[in-house]
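Notebook open, coffee poured. I want to go through this one chain by chain and write down what I looked up.

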Amino acid sequence: MVVRHITGPLLLSGLLVSSTAALAHHSFAMFDQTKSVTVEGIVKSVDYANPHVWVDMTVMNAQNQPVTWSFEGGNLGGLYRMGWTKDTVKAGDKVKMEAHPIKDGTPGGQIMRVTLADGRVLGRGPGAAQ
Amino acid sequence: MRFRKLMVEGAACAALIYGLAGGASAQPMMNGHPDFSGLWQCRTNCGNGVTLPRAQMDMTPEGERLYAIKKAGVDRGDPTIDTGLMCHPLGIPRLAMFGTFDILQKDDHIAILGEWLGPGREIYFQNQHRKDYFPTFMGDSIGRWEGNTLVIDTNNIEEETLVDSSGFPHSDQLHFIERWTLSPDGKTITSDWTLTDPKIFRAQFKRTVTYSRKDATDEKQRIVENVCQNVEVGGKLR
């Protein structure tokens, strides 16, 4: 439940933001495809919707304060074919999320892969970057 | 001896007839033409990562002007330019290069149910486009047979759509031709594209897209609904 690894300038700016509403826009232009961030936390909510799934997580920052991170994945068809089901990731689950961070430092990113509590690793599924 | 020769010749002749009739091939046929019906996955030159080669695109001054505007809008994720970002269909030709398709071929037309953020597409076998039809995201498509090649001719495509995900624009003059052929084993559709738009591009450009047959008995391979829902409009979730 701590930030494990962050590359680039996201480190400070991301941790200083206390919370954020779920990001809805599905342009992938806002993500920095050259960087990655990995966080562990508890899933707050999952929006299994098209065009892209959104996973909100509660992640504890360095001050042990809860921060909501929002992650965007692919479309439901792609997720389904990669092994996701409606119960794969759900509120309350402990997961590790690896993502391309949001450029402006808002806590969140574009899902690269998710590691579930049972060790299964899932991709984000295709989306606009399919 | 003579009887044996006749038997051999007869068997060879039967084999030839069988082959000509398509019995030796897995290529499905309908009314003397290839039957493209089935579940398909875009396989070659598919997805948003595939864009037109900028260096090879010879544009008119108007094309260059519009491209600069559209590309900048795409790069900053502006939904008023890249209108797919506010759930408008990507339109043709982009939707012909995404995801899974269920193709239903009938005597007089082909219907295509796509998975990806778009309405269905119907291609009637006729020589004339619909008269005084409205511009639409999927355009107006008609089909004709040239031997075993299905030629799909599409015009009247809504101008707000982009030709590719990098921001190439088009005008009301965009003319999109697909030439579909089915592989002998029935497992691949090859679609040779030719696009012309004299207002935007000085020359036509070509692209080949392929589709692979999917196993429709596998539930995971079938169409999964893709209604655009979680989009932000005016700063609020719609």
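I start with the term I need for the cysteines: a disulfide here is a pair of cysteine sulfur atoms within 2.5 Å. I also remind myself that this is a predicted model.

**Entry 1: disulfides**

How many disulfides does the structure hold over all chains? I count two over all chains. I looked up B:Cys87 and B:Cys228 to begin with, and their sulfur atoms sit 1.9 Å apart, within the 2.5 Å cut-off. The torsion about their S-S bond is about -65 degrees, so I put this disulfide down as left-handed. I then checked where the two cysteines are: B:Cys87 is in the loop between helix H2 (61–75) and S4 of chain B, while B:Cys228 is in the loop between strand S11 (205–213) and strand S12 (232–233), so the pair ties together parts that are 141 residues apart in sequence. Both B:Cys87 and B:Cys228 are buried.

Next I took the link between B:Cys42 and B:Cys46, where the S to S distance is 2.1 Å. The angle about that S-S bond is -85 degrees, and this link is left-handed. I find B:Cys42 buried, and B:Cys46 as well. Counting bonded cysteines along chain B, I get the pattern 1-2, 3-4.

**Entry 2: chain B overall**

I noted two helices and 13 strands for chain B. Of its 238 residues, 46% count as buried. I also looked at how far contacts reach along the sequence: among chain B contacts between residues at least 6 apart, 59% join residues at least 24 apart. Chain B exposes about 12400 Å², and carbon and sulfur atoms supply 55% of that.

**Entry 3: B:His109 and B:Leu104**

Is B:His109 buried or exposed? Its relative accessibility is 8%, under the 20% cut-off, so I log B:His109 as buried. I place B:His109 in strand S5 of chain B, residues 109–114. The side chain of B:His109 makes a polar contact with the side chain of B:Asp108, at 2.9 Å. Which residues does B:His109 touch once I leave aside its neighbours within four places in sequence? I list B:Leu104, B:Glu122, B:Ile123, B:Tyr124 and B:Phe125.

That list sent me to B:Leu104, which is in strand S4 of chain B, residues 100–105. B:Leu104 has 39% relative accessibility, which lies between the 20% and 50% limits, so I call it partly exposed. I also found B:Leu104 in a nonpolar patch on the surface, formed with B:Leu113 and B:Ile223. Together these three residues have about 230 Å² of accessible area.

**Entry 4: chain A overall**

What does the secondary structure of chain A come to? I have two helices and seven strands. Reading from the N terminus, I wrote the order of elements as β-α-β-β-β-α-β-β-β. Chain A has 130 residues, and 52% of them count as buried. For chain A contacts between residues at least 6 apart in sequence, I noted that 65% join residues at least 24 apart. The exposed area of chain A is about 5500 Å², with carbon and sulfur atoms supplying 57% of it.

**Entry 5: A:Asn75**

Where does A:Asn75 lie? I find A:Asn75 in the loop between strand S4 (66–72) and helix H2 (76–81) of chain A. At 2% relative accessibility, A:Asn75 is under the 20% limit, so I mark it as buried. The side chain of A:Asn75 reaches the backbone nitrogen of A:Gly77, at 3.1 Å.

**Entry 6: A:Gly123**

My last lookup was A:Gly123, which is in strand S7 of chain A, residues 121–123. Why does A:Gly123 count as buried? I read a relative accessible area of 19% for A:Gly123, and buried means under 20%, so A:Gly123 goes down as buried. Leaving aside neighbours within four places in sequence, I have A:Gly123 in contact with A:Leu79, A:Met82, A:Trp84, A:Met112 and A:Arg113. I also took the distance from A:Gly123 to A:Gly78: 9.6 Å from C-alpha to C-alpha, with their places 45 residues apart in sequence.

Methods. Residues are numbered from 1 along each chain as its sequence is written. Chains are lettered from A and ligands numbered from 1 in the order in which they are written. This is a predicted model: local features need pLDDT of at least 70, side-chain atom pairs count only at pLDDT 80 or more; totals for chains, interfaces and linings use all residues. Side-chain values use heavy atoms; hydrogens and water are left out. Patches are made of residues with over 30% relative accessible area and no salt bridge: like charges are joined within 9 Å, nonpolar side chains (Val, Leu, Ile, Met, Phe, Trp, Tyr) within 5 Å. Accessible areas come from the Shrake-Rupley method with a 1.4 Å probe; for residues, only the protein chains shown count as cover. A salt bridge is a side-chain nitrogen of Lys or Arg within 4 Å of a carboxyl oxygen of Asp or Glu. Helices (H or I, at least four residues) and strands (E, at least two) are DSSP runs, numbered from the N terminus. Buried means under 20% relative accessible area, exposed over 50%, partly exposed in between (1.4 Å probe, protein chains only). Contact means heavy atoms within 4.5 Å. A polar contact is a pair of N or O atoms within 3.5 Å; within protein, one must be able to donate a hydrogen and the other to accept it, and residues adjacent in sequence count only if both atoms are side-chain atoms.
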